[in-house]
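I opened this notebook to record a few local features looked up one by one. The entries follow the order in which I turned to them.

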Amino acid sequence: MAKPKALRQTLDSYTVKRINKTIKAGDCVLMRPSEPSKPSYVAKIEKIEADSRGANVKVHVRWYYRPEESIGGRRQFHGSKELFLSDHYDVQSADTIEGKCTVHTFKNYTKLDAVGNEDYFSRFDYNSATGAFTPDRVAVYCKCEMPYNPDDLMVQCERCSDW
């Protein structure tokens with residue numbers, strides 16, 4: 001006879017002891033990569049579950065992709081801290097969480113006084129199967145007609161107000 005599946009309970013929050021941080025649904029976290037030489041993965045927590053004893057904690061996550069992980073790769077206008085919110089969902093052990101981070105909207109990111117190590121931004125949603133982005137167009141600036149890259153200095157013309 002098959003062993004019955006253990007009942008799971010949804011948790012409102014969970015303290016990751018290794019980093020002494022409390023996480024909850026909606027938080028963005030840094031997840032340990034399978035290869036130590038790679039940067040941490042970034043995910044948004046959708047749900048936290050544990051077994052009936054409160055152990056074996058799992059996080060349901062929605063992954064952010066870096067530009068180089070997407071179809072088409074990194075482009076000139078992608079900022080160094082840019083991420084794409086994907087349609088890729090997964091369940092991971094809470095033990096793989098390395099820290100918390102903040103993924104800002106593009107507008108809020110450009111208004112930060114100082115960008116910290118745990119600050120990122122997202123201006124696109126990404127379909128991992130098709131490689132499509134939403135929105136599929138963004139405003140372009142400058143004579144190069146490229147979207148704004150917050151890593152590059154732009155100067156506004158005092159005469160025509162163009163960037």
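Entry 1, an exposed aspartate. I began with Asp 12, which counts as exposed because its relative accessibility is 73%. The model I am reading is a predicted one. I located Asp 12 in the loop between β1 (8–11) and β2. I then listed its contacts, leaving out residues up to four places away in sequence, and found Ile 23, Lys 24 and Ala 25. I also looked up a C-alpha separation: Asp 12 and Ile 48 are 36 residues apart along the chain, and their C-alpha atoms are separated by 7.1 Å.

Entry 2, positive phi values. I next looked at backbone angles in residues other than glycine. Asn 20 has a positive phi, near 55 degrees. I placed Asn 20 in the loop between β2 (13–16) and β3 (21–24). Its relative accessibility is 63%, so I entered Asn 20 as exposed. Asn 56 also has a positive phi, near 50 degrees. The loop that holds Asn 56 runs between β5 (41–51) and β6 (58–65). Asn 56 has a relative accessible area of 46% and is therefore noted as partly exposed.

Entry 3, cysteines. How many disulfides does the count give? I recorded zero. Cys 28 takes part in no disulfide, and the nearest cysteine sulfur, that of Cys 101, lies 5.3 Å away. Why is there no bond from Cys 101 to the closest cysteine sulfur, in Cys 28? The 5.3 Å between the two sulfurs is too far for a bond, because a disulfide requires the sulfur atoms to be within 2.5 Å. I checked accessibility for both residues. Cys 28 is buried at 9% relative accessibility, and Cys 101 is buried at 8%.

Entry 4, salt bridges. I noted seven salt bridges in the structure. I examined the one in which the side chains of Asp 27 and Lys 100 meet, with an N to O distance of 3.4 Å. This pair links distant parts of the chain, 73 residues apart: Asp 27 is in the loop between β3 and β4 (28–31), and Lys 100 is in strand β8 (residues 97–105). Are the partners buried or partly exposed? Asp 27 is buried, at 11% relative accessibility, whereas Lys 100 is partly exposed, at 30%.

Entry 5, a bridge between strands. I turned to Arg 123, which forms a salt bridge with Glu 82, the closest N and O atoms being 2.8 Å apart. Here too the pair links distant parts of the chain: Arg 123 belongs to strand β9 (residues 119–126) and Glu 82 to strand β7 (residues 82–93), 41 residues apart. I entered Arg 123 as buried, since its relative accessibility is 14%. Glu 82 is buried as well, with a relative accessible area of 1%. I then looked for bridges with shared partners, and these join Arg 8, Lys 47 and Glu 49 into one network.

Entry 6, within that network. I looked up the salt bridge between Glu 49 and Lys 47, where the closest N and O atoms are 3.2 Å apart. Glu 49 has a relative accessible area of 14% and is therefore buried. Lys 47, with 31%, is partly exposed.

Technical notes: Residues are numbered from 1 along each chain as its sequence is written. This is a predicted model: local features need pLDDT of at least 70, side-chain atom pairs count only at pLDDT 80 or more; totals for chains, interfaces and linings use all residues. Side-chain values use heavy atoms; hydrogens and water are left out. Helices (H or I, at least four residues) and strands (E, at least two) are DSSP runs, numbered from the N terminus. Buried means under 20% relative accessible area, exposed over 50%, partly exposed in between (1.4 Å probe, protein chains only). Contact means heavy atoms within 4.5 Å.
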